[in-house]
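Biologist: I would like to go through this model and ask what stands behind each label. Please show it first.

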Amino acid sequence: MSEGLNIVVCIKQVPETTEVNFDEETGRLIREGVAAVINPFDEIAIEEGLRIKEKHGGAVKVLTMGPPWAADALRDAIAMGADEGYLATDRAFAGADTWATSLTLAKVIEHMGGYDLIICGLKTTDGDTGQTGPEMAEHMDIPHVCYVNEIVEISDGKVILKRIMDDGVETLEAPLPLLITVSKDINQPRLATLRGRLKAKKAEIKEITNSDLQLPVEEIGLDGSYTRVVKIFEPEVHMAGEVVEGSTDELVEAVFAKLQECKVI
Ligand SMILES: Cc1cc2nc3c(=O)[nH]c(=O)nc-3n(C[C@H](O)[C@H](O)[C@H](O)COP(=O)(O)OP(=O)(O)OC[C@H]3O[C@@H](n4cnc5c(N)ncnc54)[C@H](O)[C@@H]3O)c2cc1C
């Protein structure tokens with residue numbers, strides 16, 4: 001590994017707020033007029049990629065599949081320290097569910113050249129499935145480890161890492177090439193520097209379309225998606241709630257009485 005690691009970090013642009021609206025007919029998110037940012041879990045993935053590169057050498061390539069303006073997310077990642085940005089964008093990719101998204105991303109990474117480590121966020125703040133990373137690994141026929149909260153060592157083509165389980169922390173050894181999804185506690189992402197911002201402004205974003213991949217259209221985008229959003233709605237709030245007013249002592253007493261009444265205490 002004298003030349004260092006070829007690290008690919010997958011990032012998604014998401015709405016800055018969780019207060020988003022949906023088109024009730026199509027079930028799609030209305031993204032127009034809503035500011036977009038890097039999915040916060042993906043900033044953690046970028047940070048981990050940068051730390052691994054700083055220790056072992058190599059390059060961090062960031063990849064997103066999305067509309068042309070998703071290039072902004074790639075520039076933000078370059079401003080943090082990533083080396084190169086790749087944007088997979090094509091009308092044929094639109095409307096993809098996680099299966100079609102992960103297939104396309106897998107093929108894009110293969111098209112980009114060699115890779116040692118692929119890092120994904122735990123999940124997104126909009127789709128929130130956490131499926132894309134593991135599905136990519138399956139499409140690429142490489143091992144994957146989810147919920148990674150520490151990279152202990154990388155040497156001799158192997159990674160020793162820890163991941164969070166329901167009942168503790170598991171230490172694993174996995175061979176490269178490998179895909180991991182990182183837990184939110186693995187690091188604290190750095191802020192972009194002014195120098196980074198200047199570099200990002202001038203950086204070339206490499207666009208990849210389906211003319212580069214030549215994937216059959218029935219395997220990508222909406223046609224390649226096995227799932228459909230049938231209906232989307234905000235759940236009704238059934239309890240109106242009760243507003244209690246008064247001094248601090250009165251409020252404590254009222255809450256205490258209510259908890260007793262509900263047999264919580
Ligand atoms: C029928 C259907 C139609 C849809 N149509 C659209 C649509 O028209 N437009 C649209 O924007 N979304 C659409 N979606 C949502 C789309 O499926 C998800 O955006 C996408 O598959 C990722 O899923 P997720 O958000 O749950 O990500 P997760 O699986 O929670 O993401 C986990 C990690 O995978 C990586 N990742 C996820 N998405 C991307 C990406 N795009 N590029 C790079 N890395 C990524 C990130 O590292 C992320 O942290 C549709 C979904 C369905 C079911």
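**What stands behind the labels**

Modeller: Start with one pair of residues in this predicted model: Val145 has Ile180 of strand S12 opposite it.

Biologist: What makes the strands S9 and S12 a pair?

Modeller: Three bridges join S9, residues 144-155, to S12, residues 178-182. A pair needs at least two bridges, so three are enough and S9 and S12 count as paired. The two strands run parallel.

Biologist: In what order do the strands of the sheet stand?

Modeller: The order is S11-S10-S9-S12-S8-S1-S6-S7-S13, nine strands in an open sheet with mixed pairing. From one strand to the next the twist averages 30°.

Biologist: Why do S11 and S13 count as the edges?

Modeller: Strand S11 (168-175) and strand S13 (205-208) each have a single partner strand, so one side of each has no neighbour in the sheet.

Biologist: How do you know that S10 and S11 pair, and in which sense?

Modeller: Strand S10, residues 158-165, shares eight bridges with S11. With at least two required, the two strands therefore count as a pair, and the sense is antiparallel. One of the partnerships sets Val159 against Ala174 in S11. Two residues lie between S10 and S11, and the strands form a hairpin.

Biologist: What follows S11 in the chain before S12?

Modeller: A loop, and Pro177 is in it. The peptide bond joining Leu176 and Pro177 is cis, with omega about -5°.

Biologist: Which strands do helices H2 and H3 lie across?

Modeller: Helix H2 (residues 71-80) lies across strand S6 (58-65), strand S7 (84-88) and S13, and runs at about 165° to S7. Helix H3 (residues 98-112) lies across strand S1 (5-10), S6, S7, strand S8 (117-120) and S13; its angle to S6 is about 145°.

Biologist: How does the span of helix H1 compare with what is expected?

Modeller: H1 covers residues 40-56, which is 17 residues, and reaches 25 Å from its first C-alpha to its last. At 1.5 Å a residue 24 Å is expected, and the span is close to that. Its buried residues are Phe41, Asp42, Ile44, Ala45, Ile46, Glu47, Glu48, Gly49, Leu50 and Ile52. Gly57, just after H1, takes a positive phi of about 80°.

Biologist: Which residues of helix H4 are buried, and what covers them?

Modeller: Gly133, Pro134, Glu135, Met136, Ala137 and Met140 are the buried ones. The cover includes S1, H3, S8, S9 and S12.

Biologist: Which residue just after H4 takes a positive phi?

Modeller: Asp141, with phi about 60°, although Asp141 is not a glycine. Asp141 sits in the loop between helix H4 (132-140) and S9.

Biologist: Why is Asp141 called exposed?

Modeller: Because its relative accessible area is 71%, and the label exposed applies over 50%. Lys263 gets the label for the same value, 71%. Lys263 lies in the segment after helix H7 (248-261) and also has a positive phi of about 60° without being a glycine.

Biologist: How do you know that there is no disulfide at Cys146?

Modeller: The nearest cysteine sulfur, that of Cys120, is 8.9 Å away. A disulfide needs the two sulfur atoms within 2.5 Å, so Cys146 is in none. The count comes to zero disulfides.

Biologist: Why is Cys146 called buried?

Modeller: Because its relative accessible area is 17%, and buried means under 20%.

Biologist: What makes Trp99 and Tyr226 an edge-to-face aromatic pair?

Modeller: Their ring centres are 5.9 Å apart, and a pair must lie within 6.5 Å. The planes stand at 80°, and over 60 degrees counts as edge-to-face. Both conditions hold, so Trp99 and Tyr226 form an edge-to-face pair. A search of the whole structure finds one aromatic pair.

Biologist: Where in the chain do the two residues of the pair lie?

Modeller: Trp99 is in helix H3 and Tyr226 is in the loop between helix H6 (210-213) and H7; 127 residues separate them, and the pair links distant parts of the chain.

Biologist: Why do Trp99 and Tyr226 get separate exposure labels?

Modeller: Tyr226 is exposed because its relative accessible area is 69%, with the line drawn at over 50%. Trp99 has 36%, which falls between the 20% and 50% limits, so Trp99 is partly exposed.

Notes
Residues are numbered from 1 along each chain as its sequence is written. This is a predicted model: local features need pLDDT of at least 70, side-chain atom pairs count only at pLDDT 80 or more; totals for chains, interfaces and linings use all residues. Side-chain values use heavy atoms; hydrogens and water are left out. Buried means under 20% relative accessible area, exposed over 50%, partly exposed in between (1.4 Å probe, protein chains only). Helices (H or I, at least four residues) and strands (E, at least two) are DSSP runs, numbered from the N terminus. Axes are lines fitted to C-alpha atoms, for helices over the stretch in contact, and angles run from 0 to 180 degrees between N-to-C directions. Contact means heavy atoms within 4.5 Å. The expected span of a helix is 1.5 Å times one less than its number of residues. Rings of Phe, Tyr and Trp (its six-membered ring) pair if their centres lie within 6.5 Å; planes under 30 degrees apart count as stacked, over 60 as edge-to-face and the rest as tilted.
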